[in-house]
Amino acid sequence: SCRVIQLSLTYGMSPHSPSAFAQYGSYLALIEDEFEEGYRYVKFALSLMKKLPSRAHDGSTLFWSTHTRIHIEPMQSSIECYLDAYKAHMKSG
């Protein structure tokens, strides 16, 4: 994910960029114990996901972002996000 982020910042965003930012945010929060910083990356990934026209990787972005959100937001909203991730994965095939 770090390579995708580096390429995205150098050459512009791709459909894979939101998922990479969400994965990096999850890494920061769950491995490095930097929950607030990881959550910022997750929020950026979700906002970027909404701006990009491709929906092919929304499920992955939602799935990875929920790993971090579950430690910051109430559990109920995280469960809904996992369901949204599942629906997005099913929609994209």
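Let's go straight to Arg69 and Glu73: these two form a salt bridge, and their closest N and O atoms sit 3.1 Å apart. Please keep in mind that we are looking at a predicted model. Now, are the two partners buried or exposed? Both Arg69 and Glu73 turn out to be buried.

How many salt bridges does a search of the whole structure find? The answer is three, so let me walk you through the others, because a salt bridge here just needs a side-chain nitrogen of Lys or Arg within 4 Å of a carboxyl oxygen of Asp or Glu.

Next, please find Asp58 and Arg55. Their side chains meet in a salt bridge, with 3.0 Å from N to O. Look at each partner in turn here. Asp58 has a relative accessible area of 11%, so Asp58 is buried, since buried means under 20%. Arg55 has 41% relative accessibility, and therefore counts as partly exposed.

Finally, let's move to helix 3, which covers residues 35-51. Which two residues of helix 3 are we after? They are Arg40 and Glu37, three residues apart, or about one turn of the helix. Arg40 forms a salt bridge with Glu37, and the closest N and O atoms are 3.1 Å apart. As for accessibility, Arg40 reaches a relative accessible area of 53%, so Arg40 is exposed, because the cut-off for exposed is over 50%. Glu37, at 27% relative accessibility, is partly exposed.

So, to recap the partners: Arg69 and Glu73 are both buried, Asp58 is buried while Arg55 is partly exposed, and Arg40 is exposed while Glu37 is partly exposed. Thanks for listening, everyone!

Definitions and conventions:
Residues are numbered from 1 along each chain as its sequence is written. This is a predicted model: local features need pLDDT of at least 70, side-chain atom pairs count only at pLDDT 80 or more; totals for chains, interfaces and linings use all residues. Side-chain values use heavy atoms; hydrogens and water are left out. Helices (H or I, at least four residues) and strands (E, at least two) are DSSP runs, numbered from the N terminus. Buried means under 20% relative accessible area, exposed over 50%, partly exposed in between (1.4 Å probe, protein chains only).
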